[in-house]
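Here are my notes on this model, set out point by point. Please read them with the coordinates open.

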Amino acid sequence: MRFVKKNQTIGSVDAETGVALLPIEPEDMWHANNLIAVEDIVKAHAVRKVSQTSSTGSVISERVHTDLTIRVTSTFFDPAASSLHVSGTVIRENAFVNLGQYHTLDLELNRPFTIWKSSGWDSVALQTLQEATTDDKPDALVAVVMQEGLANICLITDFQTVIKQRVESSIPKKRAAAKETSGGMTNFYEKTLSTLLRCIDFSNPRPLLLASPGFVAQDFRTYMQTEGAKWADKKLQRIAKDSVVVHSSTGYVHSLNEVLKSSEVQATMRDKRFTTETSLMDQFYERLRKDDGRAWYGAKPVEKAVAEGAVGRGGGVLLINNSFFRSMDIPTRKRFVGLVDKVKEDGGEAKVLSSDHESGQRLDALGGIAAILTYPIYDLDEDEDEDEEVNDTERGVETLVI
């Protein structure tokens, strides 16, 4: 997804003028579906069937192309076809459509649309917009295709390959002294590593593919391991450990075609999507089984934990389904946006999971919200139990405590 205006940035988003976006790949429709909520305003190209009565009394129907602006009442996303249908009522009439008429916009690739958020661009909406418009998506595979003195740093999604940076360095010829050649390669690896860490976000674990002819990629991986141990850099050690080394004929980008066909790389790319979310859900269920007081689910217990600062710096994680931010009830949306903001302010991690993925569906079974706490709390649901006991007593129901 791209901004239509070249000077548009996340920081310059204006609630009144709206944000014009251009979907360019099927994956963008998934992002658009997460971005557009009920009551939002969307303007896009539309094809409308218009009937006119001629002077002779006959009715002539034709399809006309126009731009329509609607207030959203519902959306339907078909993941198999990567198509998004946005339905609503027209709020700006034109020569073909009257105010208040119903229409369904079919958002298409390479056709821009503009969105105005009914409740403003809160932190969750801006984060969704950031994820939709950045090349460096969390599930993108990072690849470094290299040879002596040349490295191409790329991001590979299911739909495109983006060259983030090209690194070139002069390496002494082989007939030069071995010490000079070794020093030249060390400088090359140092330059490549600093460029890689600068232009790629490794704050969350992600696959790194190293490809080269000969032993260049393997030696670069060894260099990362050595530097990580030398500086006690756990993140760099993790990056080096998780990287996959494969053979390529050259260090140029076109060699990626042969690299991506290998069974090892295909397995890595098949498993890369949503790995962080799945891992966090596994951690949550593991703590739930241990019953150590650090895993809670349900809106009220989680809100209490966040209010007490227990989902903050030191391993606190909030897991929340994106359906909360698509609610028709604006106070509900604001309530959970505030929850996400509070966790981030406290130094914790807030993960918005998609109900279209297995991890989001697992979270749905827990009420759509859960949290991993930084320290144990054992009584977050006591009030709920007391309320239920009081209500049962008022109804004349005997409460049995096991």
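1. Thr133 and its surroundings. This is a predicted model. Beyond its neighbours within four places in sequence, Thr133 touches Met1, Phe3, Ile10 and Leu21. The residue sits in helix H2. Its side chain reaches back to the backbone oxygen of Leu129, at 2.9 Å. Is Thr133 buried or exposed? Thr133 is buried, because its relative accessible area is 18% and the cut-off for buried is under 20%.

2. Thr128, also in H2. Helix H2 is the place of Thr128 too. Its relative accessibility is 16%, so Thr128 counts as buried. Leaving out residues up to four places away in sequence, Thr128 is in contact with His31, Asn34 and Leu35. Take Asn34 from that list. Thr128 and Asn34 are 94 residues apart along the chain, yet 7.3 Å separates their C-alpha atoms.

3. The H1/H2 pair. Those contacts belong to a helix pairing. H1 covers residues 27-35, and H2 covers residues 123-133. Their axes are 10 Å apart, and the packing angle is about 170°. H1 and H2 are therefore roughly antiparallel, as the angle is over 145 degrees. On the H1 side, the residues in the contact are Asp28, His31, Asn34 and Leu35. On the H2 side, they are Ala125, Thr128, Leu129, Glu131 and Ala132. By class, that gives four nonpolar, three polar and two charged residues. Note that Leu129 appears here and also supplies the backbone oxygen for Thr133.

4. The H4/H5 pair. Here is a second helix pairing to inspect. H4 spans residues 216-230 and H5 spans residues 234-242. The two axes come within 8 Å and cross at roughly 155°. That makes H4 roughly antiparallel to H5. Which hand does the crossing of H4 and H5 have? The crossing is left-handed.

5. Residues at the H4/H5 contact. H4 contributes Arg221, Met224, Gln225, Glu227, Gly228 and Ala229. H5 contributes Leu236, Gln237, Ile239, Ala240 and Lys241. The contact holds five nonpolar, three polar and three charged residues.

6. Ala232, a backbone point. Ala232 lies in the loop between H4 and H5. Its phi is near 50°, a positive value in a residue other than glycine. Why flag this? Most residues other than glycine have a negative phi. Ala232 counts as exposed, because its relative accessibility is 61% and the cut-off for exposed is over 50%.

7. Glu39, another positive phi. Glu39 is not a glycine, but its phi is positive, at about 85°. The residue lies in the loop between helix H1 and strand S3, which covers 41-53. How accessible is Glu39? Its relative accessible area is 31%, so Glu39 is partly exposed. I would list Glu39 and Ala232 together when going through the backbone angles.

8. Thr195 in H3. Helix H3 runs over residues 178-199 and includes Thr195. Thr195 has a relative accessible area of 6%, so the residue is buried. A polar atom of its side chain lies 2.8 Å from the backbone oxygen of Lys191. What does Thr195 touch beyond its neighbours within four places in sequence? Its contacts there are Ile153, Gln165 and Val167. Thr133 also has a side chain that reaches a backbone oxygen, that of Leu129.

9. Lys344 in H10. Helix H10 covers residues 330-345, and Lys344 is found in it. Lys344 counts as partly exposed, because its relative accessibility is 39%. With neighbours within four places in sequence set aside, Lys344 is in contact with Gln127 and Ala350. For Lys344 and Leu318, the C-alpha separation is 9.4 Å, with their positions 26 residues apart along the chain.

10. The chain overall. How many helices and strands does the protein chain have? The secondary structure comes to 12 helices and 16 strands. The chain has 402 residues, and 45% of them count as buried. Take the contacts with a separation of 6 or more. Residues 24 or more positions apart account for 66% of these contacts.

Definitions and conventions:
Residues are numbered from 1 along each chain as its sequence is written. This is a predicted model: local features need pLDDT of at least 70, side-chain atom pairs count only at pLDDT 80 or more; totals for chains, interfaces and linings use all residues. Side-chain values use heavy atoms; hydrogens and water are left out. Axes are lines fitted to C-alpha atoms, for helices over the stretch in contact, and angles run from 0 to 180 degrees between N-to-C directions. Helices (H or I, at least four residues) and strands (E, at least two) are DSSP runs, numbered from the N terminus. Angles under 35 degrees count as roughly parallel, over 145 as roughly antiparallel, 65 to 115 as roughly perpendicular and the rest as oblique. A crossing is left-handed if the near helix is turned anticlockwise from the far one by less than a right angle, and right-handed if clockwise. Contact means heavy atoms within 4.5 Å. Ala, Val, Leu, Ile, Met, Phe, Trp, Tyr, Cys and Pro count as nonpolar, Asp, Glu, Lys and Arg as charged, and the others, Gly among them, as polar. Buried means under 20% relative accessible area, exposed over 50%, partly exposed in between (1.4 Å probe, protein chains only). A polar contact is a pair of N or O atoms within 3.5 Å; within protein, one must be able to donate a hydrogen and the other to accept it, and residues adjacent in sequence count only if both atoms are side-chain atoms.
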